[in-house]
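Hi,

Here's the structure I said I'd pass along. Have a look at it first, and my notes follow underneath.

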Amino acid sequence: MGSATLLTTLILLMNASRADAHVPPLREDPALQAGAQGRAEMLCANRQFSHDGYESAFRGLNYRTKGENLAMGHSDARAVHAQLMASPGHRANILRKEFGAVGVGNACGITVELFGGR
């Protein structure tokens with residue numbers, strides 16, 4: 001699965017899960033997408049897998065509510081989504097009604113989902 005297909009499919013899966021929970025869909029934000037991709041590339045380059053410093057990906061963006069999901073080890077969108085939905089904190093981010101926007105990035109097997117709410 002190509003990176004663009006992975007990212008698009010993840011957003012579709014998140015919105016399907018939100019629909020099941022009666023939560024409005026997330027809209028894709030190109031600025032969050034760029035931040036998520038940059039963060040994934042930085043984590044990859046630094047051989048890091050941590051939420052530390054994720055707030056820097058929101059620099060210059062007007063979101064009051066912010067969140068990040070990280071996944072590693074899967075190249076299939078359904079496997080990434082299942083892994084995140086099985087984690088209470090990550091699931092909460094995906095279903096959090098205060099979040100209205102999302103951006104997804106992927107580099108060297110690390111997937112970053114950034115969430116923003118106004």
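For a chain of 118 residues, a compact globule would come out with a radius of gyration near 13 Å, and the protein has 13 Å, so the two agree. Keep in mind throughout that this is a predicted model. Along the principal axes, the C-alpha atoms fill a box of roughly 40 × 30 × 25 Å. About 6,000 Å² of the protein is exposed, and 54% of that comes from carbon and sulfur atoms. As for the inside, buried residues account for 47% of the 118.

On to the fold. There are 4 helices and 4 strands, and reading along the sequence you get α-β-α-β-α-α-β-β. If you take the contacts between residues at least 6 apart in sequence, 66% of them join residues at least 24 apart.

The disulfide is a good place to start on the details. The structure holds 1 of them: C44 pairs with C108, with the sulfur atoms 2.1 Å apart. C44 sits in helix α2, while C108 is in the loop between β3 (101-107) and β4 (110-117), so the bond ties together parts that are 64 residues apart in sequence. Are the two cysteines buried or exposed? C44 has 25% relative accessibility and therefore counts as partly exposed, whereas C108 is exposed, with a relative accessible area of 53%. C108 also has a backbone detail to check: its phi is near 40 degrees, which is a positive value in a residue other than glycine.

R47 is another one with that backbone feature. Its phi is near 50 degrees, again positive in a residue other than glycine. R47 belongs to the loop between α2 and β2, and at a relative accessible area of 79% it is exposed.

S50 is in that loop too, between α2 and β2 (65-72). The S50 side chain reaches the backbone nitrogen of D52 at 3.0 Å. Setting aside neighbours within four places in sequence, S50 is in contact with R39, L43, E68 and L70.

Back in helix α2 (residues 30-45), take a look at G35. Where does G35 stand on burial? Its relative accessibility is 15%, and the cut-off for buried is under 20%, so G35 counts as buried. Beyond residues up to four places away in sequence, G35 touches A57 and L114. If you want a distance to check in your viewer, the C-alpha atoms of G35 and G73 are separated by 21 Å, with their positions 38 residues apart along the chain.

Next is helix α3 (residues 77-85), where A77, V80, H81, L84 and M85 are buried. Why can they be placed on the same side of α3? They cover an arc of only 125 degrees around the axis, and that puts them on the same side of the helix. The N-terminal end of α3 is capped by D76, which has a side-chain oxygen 3.1 Å from the backbone nitrogen of R78.

V80 from that buried set also turns up in the last spot I'd point you to, since it is one of the residues touched by T111. T111 is found in strand β4 and is buried, with a relative accessible area of 1%. Which side chain makes a polar contact with the side chain of T111? That partner is N106, at 2.8 Å. Not counting residues up to four places away in sequence, T111 touches L6, L10, N69, L70, A71, V80, V104, G105 and N106. L70 appears among the contacts of S50 as well, so you can step from one site to the other in the viewer.

That's what I have for now.

Cheers

How values were computed
Residues numbered from 1 in each chain as written. Predicted model: local features only at pLDDT ≥ 70, side-chain atom pairs only at ≥ 80, totals over all residues. Heavy atoms only, no water. Helix = DSSP H or I, 4+ residues; strand = E, 2+ residues; numbered from the N terminus. Buried < 20%, exposed > 50% of the residue type's maximum accessible area, 1.4 Å probe, protein only. Contact = heavy atoms within 4.5 Å. Arc of directions from axis to C-beta. Polar contact = N/O pair within 3.5 Å; in protein donor to acceptor, adjacent residues only side chain to side chain. Rg over C-alpha atoms; globule rule 2.2 N^0.38 Å. Areas by Shrake-Rupley, 256 points an atom, 1.4 Å probe, with all protein chains shown as cover. Disulfide = S-S within 2.5 Å.
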